[in-house]
Amino acid sequence: MKTFEICVPCHFGIEAIVKREIYDLGYEITKVEDGRVTFQGDWEAVVRANLCVRTGERILVKLGEFHAEEFEDLFQGIKSIPWEEYIPKDGKFWVTKATSIKSKLFAVPTIQSIAKKAMVERMSEAYHTDSFPETGLSFPVRLFLMKDEVLVTLDTTGAPLHKRGYRTYTSKAPISETLAAALIMITPWRKDRVLLDPFCGSGTFLIEAAMMGINMAPGLNREFTAETWTHLMDKKLWKDIRDELREEIDLNVDMNLQGYDIDPEAISIAKKNAARAGVEEFIHFQVRDMKDTSHPKKYGFLITNPPYGERLEDKADLPELYETLGKVYASLDSWSMFVITSYEDAQKYIGKKADKNRKIYNGMIKTYYYQYMGPKPPKRKEDK
């Protein structure tokens with residue numbers, strides 16, 4: 001099967017996690033850059049990546065790359081791509097998104113318009129027609145301009161990968177599923193250790209952890225744009241890989257996942273989301289104030305996304321909130337704590353400097369992932 005380069009955009013700051021996921025799937029990384037990991041693969045790799053990658057945002061097939069300082073360069077570069085090898089005569093094709101950073105071409109609507117014209121001209125020559133009804137399958141194109149270098153990709157995913165299909169309900173300020181998964185994967189947490197979120201909101205951290213714990217692929221319960229591209233890959237490929245991944249799910253796992261929130265509506269939402277994800281039996285959700293957080297077991301993990309105080313009227317509450325969080329953490333015997341927040345005084349009020357601090361962009365918000373590392377549990381005799 002023909003191989004090509006496949007790009008996986010991601011949140012800034014988690015590229016190493018995405019890279020590790022791709023390696024674990026068995027593919028060769030060709031490039032890692034800010035907000036994107038690229039690897040070599042075929043159409044089967046496209047299917048596996050869409051179904052299995054927990055931390056990337058999309059799976060994009062790279063169609064071309066060229067230098068462009070003028071719109072004529074852009075036009076000719078786009079036209080040189082063999083669009084007819086991917087898009088049938090009745091296909092619906094458009095530039096769904098273009099981004100331009102530090103490039104001479106920066107007017108996004110114009111970039112999209114010229115790219116579309118170049119695609120039409122190429123396909124007109126290939127199909128010997130000037131008429132394209134665009135009534136068939138969808139082929140969304142994404143362009144990335146960086147320092148006058150243009151990357152042209154075909155989006156195989158459609159709705160972004162963080163839309164797993166289970167979160168039809170959300171509470172205030174939810175964290176995305178892909179970022180939640182990445183933040184868990186940064187930690188040493190494993191399914192045999194307690195995981196607690198005292199600000200669980202719609203339950204995303206715990207649901208993602210449960211899915212990891214039972215080895216459930218994140219994309220099993222949703223559809224992807226490329227599933228309809230039967231002229232490029234056999235539809236049976238999707239079914240076969242889905243069946244294989246379902247067989248790998250292990251429901252005989254004993255996990256201790258705890259989600260607390262002071263808002264009863266948030267807990268109700270979290271329970272519904274966990275049920276839709278098929279992991280409700282593995283998570284205990286409870287209405288509880290963060291200050292009342294406790295747990296008898298040692299060596300657990302507290303992973304949470306507390307309020308950022310983005311609204312001015314909420315900022316006054318943050319010192320007390322983070323001070324209380326610090327006291328809660330101090331009361332947990334031999335635990336580790338991982339906190340993502342944009343509040344720059346978080347460490348000050350927690351009362352302890354983090355062992356590690358990782359800068360991550362949550363959307364357009366610059367956040368810090370404060371990592372407080374507790375002691376490792378002693379090895380069990382059978383592990384020696």
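In which helix is the place of Ala115? Select Ala115 in this predicted model: the residue lies in helix H4.

**Stop 1: Ala115 and helix H4**

With Ala115 selected, display its surroundings. Ala115 has a relative accessible area of 1% and is therefore buried. Apart from neighbours within four places in sequence, its contacts are Ile78, Val95 and Leu143. For a sense of scale, add Gly203 to the selection: the C-alpha atoms of Ala115 and Gly203 lie 41 Å apart in space, with their positions 88 residues apart in sequence.

**Stop 2: helix H3 and Lys79**

Next, select helix H3, residues 71-79. Which residues of H3 are buried? They are Leu74, Phe75, Gly77, Ile78 and Lys79. To view what they pack against, show strand S4 (60-67), helix H4 (108-127), strand S6 (138-146) and strand S7 (149-155).

Now isolate Lys79, which belongs to H3. Is Lys79 buried or exposed? Its relative accessible area is 17%, and because buried means under 20%, Lys79 is buried. The side chain of Lys79 forms a polar contact of 2.8 Å with the side chain of Glu121. Residues up to four places away in sequence aside, Lys79 touches Ala118, Glu121, Arg122 and Glu125.

**Stop 3: two buried arginines**

Move to Arg36, in strand S3 (residues 36-41). Arg36 has 13% relative accessibility and therefore counts as buried. Add Pro9 to the selection: although Arg36 and Pro9 are 27 residues apart along the chain, their C-alpha atoms are separated by 4.2 Å. Beyond four places in sequence, the contacts of Arg36 are Cys7, Val8, Pro9, Cys10, Glu15, Lys31, Phe144 and Leu151.

Then select Arg58, in the loop between H2 and S4. With a relative accessible area of 12%, Arg58 is buried. Which side chain does a polar contact of 2.8 Å join to that of Arg58? The partner is Asp155. The side chain of Arg58 also reaches the backbone oxygen of Gly158, at 2.4 Å. Expanding the selection around Arg58, and setting aside residues up to four places away, brings in Cys7, Val8, Pro9, Arg142, Asp155, Thr157, Gly158, Ala159, Pro160 and Leu161. Cys7, Val8 and Pro9 appear among the contacts of Arg36 and among those of Arg58.

**Stop 4: helices H2 and H7**

Select H2 (residues 43-52) together with H7 (residues 235-247). Their axes are 10 Å apart and meet at an angle of about 45°, and the two helices are therefore oblique to each other. The crossing of H2 past H7 is right-handed. From H2, show Trp43, Glu44, Val47, Arg48, Asn50, Leu51 and Cys52; from H7, show Leu237, Trp238, Ile241, Arg242, Glu244 and Leu245. Coloured by class, the residues of this contact comprise 8 nonpolar, 1 polar and 4 charged.

**Stop 5: helices H5 and H6**

Turn now to H5 (residues 177-186) and H6 (residues 204-213). At what angle do H5 and H6 pack? The angle is about 65°, with the axes 9 Å apart, which means that H5 is roughly perpendicular to H6. This crossing is right-handed. In H5, the residues to display are Glu177, Ala180, Ala181, Leu183, Ile184 and Met185; they meet Thr204, Phe205, Glu208, Ala209 and Met212 in H6. The contact of H5 with H6 divides by class into 8 nonpolar, 1 polar and 2 charged residues.

**Stop 6: two loop residues with positive phi**

Finish with the backbone of two loop residues. Lys102 is in the loop between strand S5 (92-101) and H4. Phi of Lys102 is positive, about 55°, although the residue is not a glycine. The relative accessible area of Lys102 is 66%, and the residue is therefore exposed.

Where is His128 placed? Select the loop between H4 and S6 to find His128. Its phi is near 55°, a positive value in a residue other than glycine. His128 has 72% relative accessibility and so counts as exposed.

How values were computed
Residues numbered from 1 in each chain as written. Predicted model: local features only at pLDDT ≥ 70, side-chain atom pairs only at ≥ 80, totals over all residues. Heavy atoms only, no water. Axes fitted to C-alpha atoms, helices over the stretch in contact; angles between N-to-C directions. Helix = DSSP H or I, 4+ residues; strand = E, 2+ residues; numbered from the N terminus. Parallel < 35°, antiparallel > 145°, perpendicular 65-115°, else oblique. Left-handed = near helix turned anticlockwise from the far one by under 90°. Contact = heavy atoms within 4.5 Å. Nonpolar A, V, L, I, M, F, W, Y, C, P; charged D, E, K, R; others polar. Buried < 20%, exposed > 50% of the residue type's maximum accessible area, 1.4 Å probe, protein only. Polar contact = N/O pair within 3.5 Å; in protein donor to acceptor, adjacent residues only side chain to side chain.
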